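Please walk me through this model in a viewer, stop by stop. For each stop, tell me what to select and what is found there.

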Amino acid sequence: MDNLSELFHGFTIAVTVPHLALMAVGVLLGILVGVLPGLGAPNGVSLLLPLTFGMQPVSAIILLSSMYWGALFGGSVTSILFNIPGEPSSVATTFDGYPMARDGRPTTALATAFGSAAFGALVGVILITFLASWVAQVALAFGPAEYFAVYFLAFASFVGMGGAAPVKTVVALAIGFAIAAIGIDTVSGSVRLTMGVDELVKGVNFVVAVMGLFGIGELLVAVEEEFHARAVSSKIEWREVFRTVGRLPRHSVALLRSAAIGCWMGITPGGPTAASFMSYGIARRFSRRGRYFGTGEVEGIISPETADHAAGTSALLPMLSLGIPGSATAAVMMGGLMIWGLNPGPMLFVDQKDFVWGLIASMYVGNIVAVALVLLTVPVFAALMRIPFVIIAPLIVIICVVGAYSVSNSYLDVVMMLGFGIVGYLFKKLFYPLAPLVLAIVIGDKAEDAFRQSMLMSRGSLGIFFANKLVTCLVVAGIALLLLPLVLQLARVWRKPASPNVETQSQEKVVI
Amino acid sequence: MRGTSLFLLSVSAAALAGSAPACAAWQPQKPIEFVATAGPGGGTDNIARAVQNIITKYKLTEQPIVVVNKGGGSGAEGYVYGKASAGDPYKVIFGTSNAWQQPLVSKVAFNYTDLTPIAAMAQDEFLLWVKQDAPYKTAGDYLKAAASGEFKMGGAQSKDTDEVLTRMIEKVGHVKLTYIPFKSGAETAVQLAGGHLDSHVNNPSESIGQWRGGTQRPLCVFSPKRLPQGAKVTLSEGWSDVPTCAEQGLDIKQYEQPRTVWLPGKVTPEQAAYYVDLMKKVQATPEWKDYIEKSSQIDTFLTGADFDKFIKEDLEHVKQVASEQGWLVK
């Protein structure tokens, strides 16, 4: 109960007029950078950082973290309305959010996303409050082998998930891995796959890839198919916002499961991106309406959003207690901590109680402020969908070009973004899934580093992946997820003998 | 307290302003871009932002300064950008010894000769760290235990400063270490805290939080003499209590990493001189002292011939290690 009294102490710091005002300002700025092209949370936070140098550390972190919450919510807006995810972790939200918005229900899609995101964040903060010290210990148990096992689990939950043919999923993954390999290799230090373009040494930025694949790719498809090109006549109704939020408890199973996945991936340093993908994959497999996923299912929005925010929130804990930033934004904030004269690390919780518990209390209050503000803005954002296609299409192109350019002020990025647009279009036309491609681009090189670091440690023996209980569990769970569709298929064949036997065998080869 | 420090600031600001007009040969006419060759939050990013702050605070130039991060490819992105901006005096590149070390060991599209050296502004020290509950108390004990050949040494990046030092330890201490590269020093420190590694050679600022938290401790520092007296880090010890590696029988007298500042190539000597002077002014402020102390670095200022000499010597030394290891690229 020590933690509770600390938390109450924290509330006395966080709930003061100046701090509440900072939260509101932070959240609004955050929503703005989340929605605006190419800004995003890490840039927004680093722009704001110099302003905080004169502040008390607690006030500074409250401002920056509120901005982070605002940007997370704001990022979902563009994912849902325009199919342009601003952060890696909101890619999975586009899968069902965008179809639902196109279907004339942008209000429902946005309100569902915000409601479940708030739930996820809340679960994450509660976890931090009560399990702070335990959680820090769990994260320490993660060496390279365990990291690899977590990434493997995320990939496994996607391969053969149904929907696309498993072969196509594997092809998409392989292309993603190749793209992730571009640039300098951490383990050998050598330059790979730059194809004579000097600037490619920096690698392919995620934002560049995703803006092209989703934003431009979708636009090309829309131009071709007249159906997409119609403006959506959405009703702007305040009551729909509250009705949607009120309906959320009906999906309590999905909410709880996704929050659990999110927290787990946030603590184990898998991060929000892996969490949202995994949660979506698992929801698709276990939901009764799984086969409708991708057409605008409510649970297809709930699962990634809840997991994303649960992971994003609980990932702040390893940052504070261990000094490992879980995301780009967390890395910027950590730079801030050092400039304010605080050292992230195990002693922060002992030396800087006011700071830590003020921050944790502000997470509760900040998220409430954020969700209230974004829910109020839903109808405004939904109204954007009524703008006719002839106006919105050039806007999307501008968003993507500016967004790609501002990643590192580089013209090459704009060219690559357009190239990815064509890839995205081809993938859609040929029914190749984009999700595994994006997943491989985002965590492919991390998985590779972890695997090769493990191999260095064990001197080439795969035994390291079964060396202790933790890593064995993770690897076995991953293999089980990989084989599950196969087993289900075999079971079906068992019940209905004869005909589709040959097909199963060929699929088996692919999965393995 | 507040009042006094404000007073001191205004006094030193006035002193700086007084010295400014003496060297008004070239003045910037448009905004200046500081390029940090590392991602946000790392040591290189911190120094760029610290310098930016000091310049803005004392209005050392009329022009606004923006910091951009180009940390892709272990910093190569930023240097390549600097090479591509030849002749542009509005791009200031902040880096480390990477600028001359990286082209030796990987096929990056730049060399330090493509840039105009301005100064080396601070030196980061290296220490040998082990897990808090490790049985060895001195570098000698460590080497004895490492003779088993089973030791894992972690570090940031591959074939970079950390690995070079690791190979030097191997040679001097007659041991064999398995080097495992991670993305950053902070990540390496956490891996040691979790017991996945046996040791690493982090800079003070990368592990200070972990030392204070009792997850790891330094055995010795790779420096000719002990570090300067400062505040205690743990209850009983501070940086000055850490013995040098040489006095413990690990005979590497000096190994440090400079924080370097560059302009693109083909700028005029007047333009270079302007920035040398600007950095000197930055170094004279109390904020700079504060930054140096908080990040546990050593304050130095090498420019002109001294800086060139430093680069040449370091390059010779790294080249030797790299050729022994077969890392040199043709």
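At what angle do helix 8 (residues 166–180) of chain A and helix 21 (residues 434–458) of chain A pack, and how far apart are their axes? Select both helices in this predicted model. They pack at an angle of about 35°, with 7 Å between the axes, and the crossing is right-handed. On the helix 8 side of chain A, show T169(A), A172(A), L173(A), I175(A), G176(A), F177(A), I179(A) and A180(A). Facing them from helix 21 of chain A are P436(A), L437(A), V438(A), L439(A), A440(A), I441(A), G444(A) and D445(A). Sorted by class, this contact holds twelve nonpolar, three polar and one charged residues.

Stay on helix 21 of chain A and pick V438(A), which is among the contact residues just shown. Apart from neighbours within four places in sequence, V438(A) is in contact with V91(A), G176(A), V210(A) and L213(A). V438(A) also belongs to the largest nonpolar core, a set of 252 residues. The residues with the most contacts inside that core are L110(A), F114(A), A149(A), Y151(A), A154(A), V438(A) and L439(A). To see where the largest share of this core comes from, colour helix 6 (residues 106–140) of chain A, which supplies 17 residues.

Next, select helix 7 (residues 144–156) of chain A and helix 13 (residues 271–286) of chain A. Their axes come within 8 Å and cross at roughly 35°. This crossing is left-handed, whereas that of helix 8 of chain A and helix 21 of chain A is right-handed. From helix 7 of chain A, the residues to show are V150(A), Y151(A), L153(A) and A154(A). They meet A274(A), F277(A) and M278(A) of helix 13 of chain A. The contact consists of seven nonpolar residues, with no polar and no charged ones. Y151(A) and A154(A) were also named above for their contacts in the core.

Now move to the boundary between the chains. Here 42 residues of chain B are in contact with 42 residues of chain A. Select, on chain B, helix 2 (43–57), helix 3 (76–84), strand 7 (178–182), helix 7 (185–193) and helix 8 (204–212), the elements that each give two or more residues to this side. Helix 7 of chain B gives the most, with five residues. The chain B side divides into 13 nonpolar, 18 polar and eleven charged residues.

Centre the view on G39(B), in the loop between strand 1 (32–36) and helix 2 of chain B. Is this glycine, G39(B), buried or exposed? G39(B) counts as buried because it has 21 C-beta neighbours inside 10 Å. Leaving out residues up to four places away in sequence, G39(B) touches A331(A), D45(B), N69(B) and G71(B). A distance label from G39(B) to K183(B), C-alpha to C-alpha, reads 11 Å, although 144 residues separate the two in sequence.

The last stop is strand 10 (residues 256–264) of chain B. Eight of its nine residues are buried, so strand 10 of chain B is largely enclosed by the rest of the structure. Add strand 3 (residues 91–95) of chain B, which pairs with strand 10 of chain B in the antiparallel sense over three bridges. In this pairing, look for G95(B) opposite T260(B). Then add strand 4 (residues 115–125) of chain B, also antiparallel to strand 10 of chain B, over nine bridges. There, P117(B) has W262(B) as its bridge partner.

Technical notes: Residues numbered from 1 in each chain as written. Chains lettered and ligands numbered in written order. Predicted model: local features only at pLDDT ≥ 70, side-chain atom pairs only at ≥ 80, totals over all residues. Contact = placed C-beta atoms within 7 Å. Helix = DSSP H or I, 4+ residues; strand = E, 2+ residues; numbered from the N terminus. Nonpolar A, V, L, I, M, F, W, Y, C, P; charged D, E, K, R; others polar. Axes fitted to C-alpha atoms, helices over the stretch in contact; angles between N-to-C directions. Left-handed = near helix turned anticlockwise from the far one by under 90°. Buried ≥ 20, exposed ≤ 12 C-beta atoms within 10 Å, placed from the backbone. Core = buried A, V, L, I, M, F, W, Y, C linked by C-beta atoms within 7 Å. Pairing = 2+ DSSP bridges.
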